[in-house]
Amino acid sequence: MHKAAKWRQLFTQIFGVGVRTADRWYREGLRTLDDLREQPQKLTQQQKVGLQHHRDLSTPVLRSDVDALQQAVEEAVGQALPGATVTLTGGFRRGKLQGHDVDFLITHPKEGQEAGLLPRVMRHLQDQGLILYHQHQHSRWESPTRLAQQSHMDAFERSFCIFRLPQPPAAAVGGSTRPCASWKAVRVDLVVAPISQFPFALLGWTGSKLFQRELRRFSRKEKGLWLNSHGLFDPEQKTFFHVTSEEDIFRHLGLEYLPPEQRNA
C-alpha cells in the first residue's frame with residue numbers, strides 16, 4: 001500500500017474525517033493518531049469526539065448492541081410521539097451480524113405528524129444520558145422534481161449521533177471480555193421520513209450501495225423513471241408513483257421483489 005494511502009485509511013476511520021481532510025493532514029506532516037491528539041486545533045468538534053472514541057468506533061457493532069439501541073430509540077420515539085415507528089435499516093436489516101454503525105428510520109402513519117419529532121427524541125435520549133455527540137441536519141426538501149434528479153442524495157431530516165451504550169458486565173467481544181468499560185460508543189444515524197416517502201426511504205437506506213446504484217440505473221435506463229429515496233418519478237408524465245410498501249416499488253419497475261437479505265450486492 002502506498003504510504004499516503006496507508007495514512008489516509010487510518011485518518012478516514014475517524015468519525016467526521018473524509019479523504020480531503022486526511023490528505024491535507026498527511027501533507028502537513030501528521031502521521032499518527034497521537035499527532036492529531038497533540039494538535040487539537042486542527043480538528044472540528046465532530047472529529048475531536050471521533051478521535052476520543054476511536055477505539056470503540058473501530059470495533060464492530062454486534063447484533064446484541066443493535067437490539068439494545070433499537071429498544072432505547074423506540075422508547076424515546078414513543079415518549080415524543082405515540083404511534084410513531086422505528087425501523088432498523090442498513091446492513092443489519094439485510095441480515096448482517098455486525099457492522100460499523102446503525103441506522104434507524106422514523107416515521108408516523110399520519111403525514112405531517114413527523115415534523116418537529118427528531119429534536120424531541122434527541123432531548124429524551126440526552127436526558128437518559130445516552131448521547132455523547134449529535135449533529136442535527138434539517139430537512140433540505142425542495143421541489144419533488146429537483147430531488148428526483150438527485151438520484152444519489154436524499155434530503156431527510158436526520159441526526160448523526162454517537163450513543164453511549166451501556167454494556168452488560170464483562171460483555172463478550174470476539175470471545176474475550178471487556179474488562180472495565182460499562183459502556184461503549186456506537187455510531188447511530190436517526191432519519192425521519194414522512195409516511196408518503198417511507199417505502200422509498202426504507203429501500204434506499206437498506207442498501208447495499210451497489211444494489212441501490214444498479215436498481216436506480218435500471219430504473220433510468222430500462223424504464224425511463226427516476227428512483228431515489230424520496231420517490232419514483234415519471235419525467236414524461238411529470239408524476240410520482242404512489243406506493244405503500246417496498247413491494248409496490250419493485251412492481252412498478254416490473255421486477256420480482258427481493259427481500260433485504262438478498263440485497264447484499
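This short tour goes from a five-stranded sheet to a buried glutamate.

Before you start, note that the model is predicted: local features need pLDDT of at least 70, side-chain atom pairs count only at pLDDT 80 or more, and totals for chains, interfaces and linings use all residues. Residues are numbered from 1 along each chain as its sequence is written, and side-chain values use heavy atoms, leaving out hydrogens and water.

**Stop 1: the sheet.** Select the open sheet of five strands, ordered β2-β4-β9-β6-β5 with mixed pairing. Strands here are DSSP runs of E with at least two residues, and helices are runs of H or I with at least four, numbered from the N terminus; two strands pair if DSSP finds at least two bridges between them. At the edges you will find β2 (85-88) and β5, each with a single partner strand, so one side of each has no neighbour in the sheet.

**Stop 2: strand β6.** Now select residues 157-166: eight of these 10 residues are buried (under 20% relative accessible area, 1.4 Å probe, protein chains only), so β6 is largely enclosed by the rest of the structure. On one side, six bridges join β6 to the antiparallel β5 (131-137); look for I131 opposite F163. With β9 (183-192), β6 pairs antiparallel over 10 bridges. There, I162 has R187 as its bridge partner, and S159 stands opposite L190.

**Stop 3: E246.** Finally, go to helix α12 (246-252), where E246 sits. E246 is buried, at 5% relative accessible area. Show its side chain and that of R263: they make a polar contact at 2.9 Å (N or O atoms within 3.5 Å, one able to donate a hydrogen and the other to accept it; residues adjacent in sequence count only if both atoms are side-chain atoms).

Notes: Buried means under 20% relative accessible area, exposed over 50%, partly exposed in between (1.4 Å probe, protein chains only).
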